[in-house]
Amino acid sequence: MKSTMTTVAAFVVLVLARQASAAPIFFTGTESHYDFVSDSVITWTDAKVAAESLSFLGNPGHLVTITSAAEDAFLHANFSGVDRAWMGASDAAVEGEWRWATGPEGLADGGQGLLFWLGNGSGTPVGYANWYIGEPNDTCGSGVCDPAEPSEDYAEWIAAPGTWNDIKQIGDVAGYLVEYSSIPEPSSFFLVTIGLFALSSVSRCRRR
Ligand SMILES: [Ca+2]
Ligand SMILES: [Ca+2]
Ligand SMILES: [Ca+2]
């Protein structure tokens, strides 16, 4: 009995320790949690897959989608030491059509993702955008152009000066920002309804 209680106590400590070590930060404005994962060699595509393999409090992870100035400000207030990180924006499908390709926003427009910017650095905002001056510029930068990937189609979030930039798959990032979006209320409501229906069925069976 004593060994069983010791095992249970060790399990509880382990669970609490795991929850404490993974400590994504909550933002009331989006009801999402946010975290940074350090990886200076990961590509945007691999970071997208890695973020989507994570979960927190039952909510699936995805590369961060920044759809308001308030959400952007929250990230700057809490991840100022990150420098550069992948976020979930890309114009790889159609050059100059910048869309959120991850999370709930990635499901918009029939799965194309939510459009937020059209064109280059002098383009047109369709939603919230916070590009650095002259970005997105779709160039290969000051380095040697790679014929296999001559353009910049993936967005990085830069803590200082607090703006965005388009870069290539293998960019100069420190890692990636993960957002855990809350499961929409209708899902919770649906589960509660199913639960109540199951309880009433059990209760009816017992009365028979
Ligand atoms: Ca978001
Ligand atoms: Ca591009
Ligand atoms: Ca650029």
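A residue is buried if 20 or more other C-beta atoms lie within 10 Å of its own, exposed if 12 or fewer, and partly exposed in between, with C-beta atoms placed from the backbone. The structure treated here is a predicted model, in which local features need pLDDT of at least 70 and side-chain atom pairs count only at pLDDT 80 or more, while totals for chains, interfaces and linings use all residues. Residues are numbered from 1 along each chain as its sequence is written, and chains are lettered from A and ligands numbered from 1 in the order in which they are written.

**Exercise 1. Backbone exceptions in loops**

Task: Determine whether Asp83 and Leu57 are buried, partly exposed or exposed, and describe the backbone at each of them.

Solution.
- Step 1. Asp83 has 15 other C-beta atoms within 10 Å, so Asp83 is partly exposed.
- Step 2. Asp83 belongs to the loop that links α3 (69–78) and β5; helices (H or I, at least four residues) and strands (E, at least two) are DSSP runs, numbered from the N terminus.
- Step 3. Although Asp83 is not a glycine, its phi is positive, at about 75 degrees.
- Step 4. Leu57 counts as exposed because it has 12 C-beta neighbours inside 10 Å.
- Step 5. Leu57 is located in the loop between β3 (55–56) and β4, and this non-glycine residue has a positive phi of about 50 degrees.
- Step 6. For context, most residues other than glycine have a negative phi, and most peptide bonds are trans.
- Step 7. The peptide bond from Glu135 to Pro136 is cis, with omega near 0 degrees; Pro136 is found in the loop between β8 (124–125) and β9.

**Exercise 2. The strand order around β5 and β9**

Task: Trace the pairings that involve β5, β6 and β9, and state which residues stand opposite one another.

Solution.
- Step 1. Two strands pair if DSSP finds at least two bridges between them.
- Step 2. Strand β5 (residues 84–90) is antiparallel to β9, with four bridges between them, and Ala85 faces Trp157 in β9.
- Step 3. β9 is also antiparallel to strand β10 (residues 163–167), through five bridges; here Trp157 stands opposite Trp164.
- Step 4. β9 and β10 form a hairpin with four residues between them, and Gly162 in its turn has a positive phi of about 90 degrees.
- Step 5. β5 is joined to strand β6 (residues 97–100) by two bridges, again antiparallel, with Ser90 opposite Arg99.
- Step 6. The hairpin of β5 and β6 has six residues between the strands, and Gly96 has a positive phi near 90 degrees.
- Step 7. β6 runs antiparallel to strand β7 (residues 114–118) through four bridges, where Glu97 has Leu118 as its bridge partner.

**Exercise 3. The pairings of β2**

Task: Identify the strands to which β2 is joined, and the bridge partners of His33.

Solution.
- Step 1. Strand β1 (residues 25–27) and β2 are antiparallel and share three bridges; Phe26 stands opposite His33.
- Step 2. Four residues separate the strands in the hairpin of β1 and β2, where Glu31 has a positive phi near 60 degrees.
- Step 3. β2 is joined to β11 by six bridges, antiparallel, and the partner of His33 in β11 is Tyr180.
- Step 4. In strand β2 (residues 32–38), five of the seven residues are buried.

**Exercise 4. Helix α2 and the nonpolar core**

Task: Establish why the buried residues of α2 line one face of the helix, and describe the surroundings of Leu177 in the core.

Solution.
- Step 1. In helix α2 (residues 44–52), the buried residues are Trp44, Ala47, Lys48 and Ala51.
- Step 2. Viewed down the axis of α2, these buried residues fall within an arc of 105 degrees, so they line one face of the helix; the arc is that of the directions from the helix axis to the C-beta atoms.
- Step 3. The buried residues of α2 pack against β4 (59–63), β5, β9 and β11 (175–180).
- Step 4. A nonpolar core is a set of buried Ala, Val, Leu, Ile, Met, Phe, Trp, Tyr and Cys residues joined through C-beta atoms within 7 Å.
- Step 5. The largest such core has 32 residues, and Leu177 is among those with the most contacts inside it, as are Leu63, Ala85 and Trp86.
- Step 6. Two residues are in contact if their C-beta atoms, placed from the backbone, lie within 7 Å. Beyond its neighbours within four places in sequence, the contacts of Leu177 include Tyr34, Phe36, Leu75, Met87 and Trp157.
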